[in-house]
Amino acid sequence: MTLASSSVSLLRPESVRFGPFRFDRASGILYRGDEELYLPPRALNVLQVLVDRSGEVVSKDELVEAVWHDVTVTDQSPAEAIGVVREVLGDDCHQPTFIQTVHRRGYRFIAEVEADDAEVPPAGPEVVGPVDSRGVLTLAPAEPVRPRLLRPAILAVAAPVLLAAGVGLSVWISRGAEEPPAPVLHLPVALPHPVLPATPTSVALSPDGTRLVYRAAFDRGDGLFVLHLDRRNERALEGTEGGFGPFFSPDGQWVGYFNEEGRLWKIFLSGGPPVEVARATEGPVSGASWADDGTIVFAKGPRSMLWRVSAEGGRPTLLAAPDPSTGENGYLWPEVLPGSEWVLFTVEPVGVAGVEDFRLASLSLETGEVRRLEVGGGMQPRRLGTGQLVFARRGSLFAAPFDPGGPEVTGPALPIVQNVMTLSRGAGQFAVSAAGVLAYVPGDALASTLQWVGGEDAEEMPLLEGTFGRHRLSPDHRFLALEIDGDIWTYDLERDALTRFTTDEAGELLPLWASDGASLVFSSNREGPLHLFIKPVDGTGAEAVLLRSAYPKLADSWSSDGRWLAYTEIHPDTGRDLWLLPMPEAGEARPLLRTGFDESQASFSPDGSWVAFVSNEPGTFEVFVQPFPQPGPRYQVSTRGGSSPQWSPSGDELFFAVGETLMAVTIESASPFRVGAPRRVLDIPNSNSFFAVGPEGRRLLVGKRQQSVRPNTLHLVTDGASLIPG
């Protein structure tokens, strides 16, 4: 029976058919045969309006009133939604079968609509197991199935007694409030492809908790995959090769991410190619969040500022920047709260390696006001459900009661999950959803190894294992100074002896050997902004302030003749500048390079006639060399980025890092200065881009995170708030 438009509006059968499609109003699901098709919520509602008024012309204004009555939209929104519906239906706008465009009037559904008399099976749990002998839910790759996103869904898991009975495990989506509450389960999930951990985080959950997007490694390289947690299937997001840092739109229809060039992209989950949002800004990425006002807030740049851009594309605008004069180095890991009035983020301190020195804060998008969240040290704040704040601290997740309207923390923070993989700058590999689902990648990524790499045998020789940061070799290559848990330690390579060097409760970092190896210089925040301190290595003298000034300072290099100490100062107006301090008696400091660009990481050549450094004057951070002590022309020696320049003992080579690759150039001539083309020395997966050159100039001492094995399991908690005691 063909339904006229008047009878549709009166009868509204629960299920109707048109062409090969069946539309079930009760569940809000569109089918082609037995296949459930995915349509975004707004597009699905547009289809429903057109089907209900089949044969009638529906104007754009009527569509907006019916579908977008609760939000402000552009004139293109109805047309975009119509385009999505047509794509799913396989309809041609020039020769339509289902939706006709009526010029300047609107749209008309022209297909024959019939009531569907077939019995629709009742909704129930969907079995997606099986569970292996370890109790791990295995998720094998499957053909794409597109889930619906009409109403908030709660991930539920069958009672554990099913496991004991050997029946298996069921995972399903709650279909309505009439069903009893689902049991909570902390479930390990075996992934078809291993997670490829990265900074920022490699995992993201949809707001309703039914889908997880993660960065994965596979045969052809790496890219983003979407995992449908409610029906055991996964598919690659085509075109996202090299993508990282995924995050969902508030409606769960889109996934934003960054590519290898640091550009911001988005991809529609129901299909279609990626769309570039912005070319963003220079520097590393430190997270992004999609606001419900249609904008994206992201952290990026050498000092990691907060930026905002329209999700439809455009030029990013600066929201907030850290203030180095108060010890702030970066704003990381933004999370826009519902209502788009506040952004949660992490304040990274200047140079301090201890995670306790990171703090949580909020930024008003209306006034620019910044408020501190009183939870102690922590990183990567995320809102779990409606009333909890989750954040990372030393490889664990903590939760505290949270009022998003403040925004403020209203109670103590308590640990809820341990052994969460955490990478550089506190990038915890976890995700939460508004529905209360929590997912995380297990692993102690704070642990590292120090090891020799390269040389003739090319055999990796581990020296130390632990939770340490940057390191430097003594001039005689017998000792090592390194950061461990906010203190400085020394390590005797011959005796295999590790000794604590500083014991102050404040943070100490970036030790530098004096040219004669008798003392160590380091930075500490014990008296405010990072000042330079010095202490004899043999313990015969006390620590003393070497240089105190208004701005944070980091020691870089001590000339071989003992006359000069080069250090980086972080200034609120000029950024990172290079300064010289006359030694051994600390004289009056003078600038070496002080410009409107960032210059840092100075390194004197062994004969003291050259100084290498890093500058972003070309637009990206590159390695330069210039004469010393007399001024002269500077020479760019890197071509595609570079950091941490280090000379070989003979001075005929200059090494530097490009991400997780160590590069080198040969000094072919000093007068005139001429270098060879940069060449790859070796790849150091999971390295921290900090290294030391061995005495023979061939072996390199590098720090590596222990997570060289890519995890193929993540953990899923169906109700994260249930982990919170009391």
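This is a short chat about cores, a helix and two residues in a predicted model.

Me: Start with the packing. How many residues does the largest nonpolar core have?
Reply: The largest nonpolar core has 31 residues. Phe18, Leu30, Leu39, Leu47 and Phe109 have the most contacts inside it.

Me: Which elements give two or more residues to this core?
Reply: Three strands and three helices are on the list: β1 (15-18), β2 (21-24) and β7 (106-109), plus α2 (41-52), α3 (60-67) and α4 (77-89).

Me: And where does the largest share come from?
Reply: From α2, which supplies 7 residues.

Me: Back to Phe18. What is Phe18 in contact with, leaving aside neighbours within four places in sequence?
Reply: Phe23, Leu30, Leu47, Val51, Leu89, Phe98, Phe109, Ala111, Glu112 and Val113.

Me: Is there a second core, and which residues are in there?
Reply: A separate core of 25 residues includes Leu205, Trp333, Met421 and Ala431.

Me: Now α2. Why call it largely enclosed?
Reply: Because 9 of its 12 residues are buried, the rest of the structure largely encloses α2.

Me: Which residues of α2 are buried?
Reply: Pro41, Ala43, Leu44, Val46, Leu47, Val49, Leu50, Val51 and Asp52.

Me: What span should α2 have at 1.5 Å a residue?
Reply: 16 Å for its 12 residues. The end C-alpha atoms of α2 are 16 Å apart, so the two values agree.

Me: New topic. Where is Trp254?
Reply: In strand β18, residues 254-258.

Me: Why is Trp254 classed as partly exposed?
Reply: Its relative accessible area is 22%. Buried means under 20% and exposed means over 50%, so Trp254 falls in between.

Me: What does Trp254 touch, not counting residues up to four places away in sequence?
Reply: Phe247, Phe248, Ser249, Lys266, Ile267, Phe268 and Trp290.

Me: How many residues apart are Trp254 and Ser206 in sequence, and what about in space?
Reply: They are 48 residues apart in sequence. C-alpha to C-alpha, Trp254 and Ser206 are 9.4 Å apart in space.

Me: Last one, Thr240. Where is Thr240?
Reply: In the loop between β16 (233-236) and β17 (244-248).

Me: Thr240, buried or exposed?
Reply: Buried, because its relative accessibility is 2%.

Me: What does the side chain of Thr240 reach?
Reply: The backbone oxygen of Leu237, at 2.7 Å.

Me: And which residues is Thr240 in contact with, leaving aside neighbours within four places in sequence?
Reply: Gly223, Leu224, Tyr257 and Ile267. Ile267 is also among the residues that Trp254 touches.

Conventions
Residues are numbered from 1 along each chain as its sequence is written. This is a predicted model: local features need pLDDT of at least 70, side-chain atom pairs count only at pLDDT 80 or more; totals for chains, interfaces and linings use all residues. Side-chain values use heavy atoms; hydrogens and water are left out. Helices (H or I, at least four residues) and strands (E, at least two) are DSSP runs, numbered from the N terminus. Buried means under 20% relative accessible area, exposed over 50%, partly exposed in between (1.4 Å probe, protein chains only). Contact means heavy atoms within 4.5 Å. A nonpolar core is a set of buried Ala, Val, Leu, Ile, Met, Phe, Trp, Tyr and Cys residues joined through side-chain atoms within 4.5 Å. The expected span of a helix is 1.5 Å times one less than its number of residues. A polar contact is a pair of N or O atoms within 3.5 Å; within protein, one must be able to donate a hydrogen and the other to accept it, and residues adjacent in sequence count only if both atoms are side-chain atoms.
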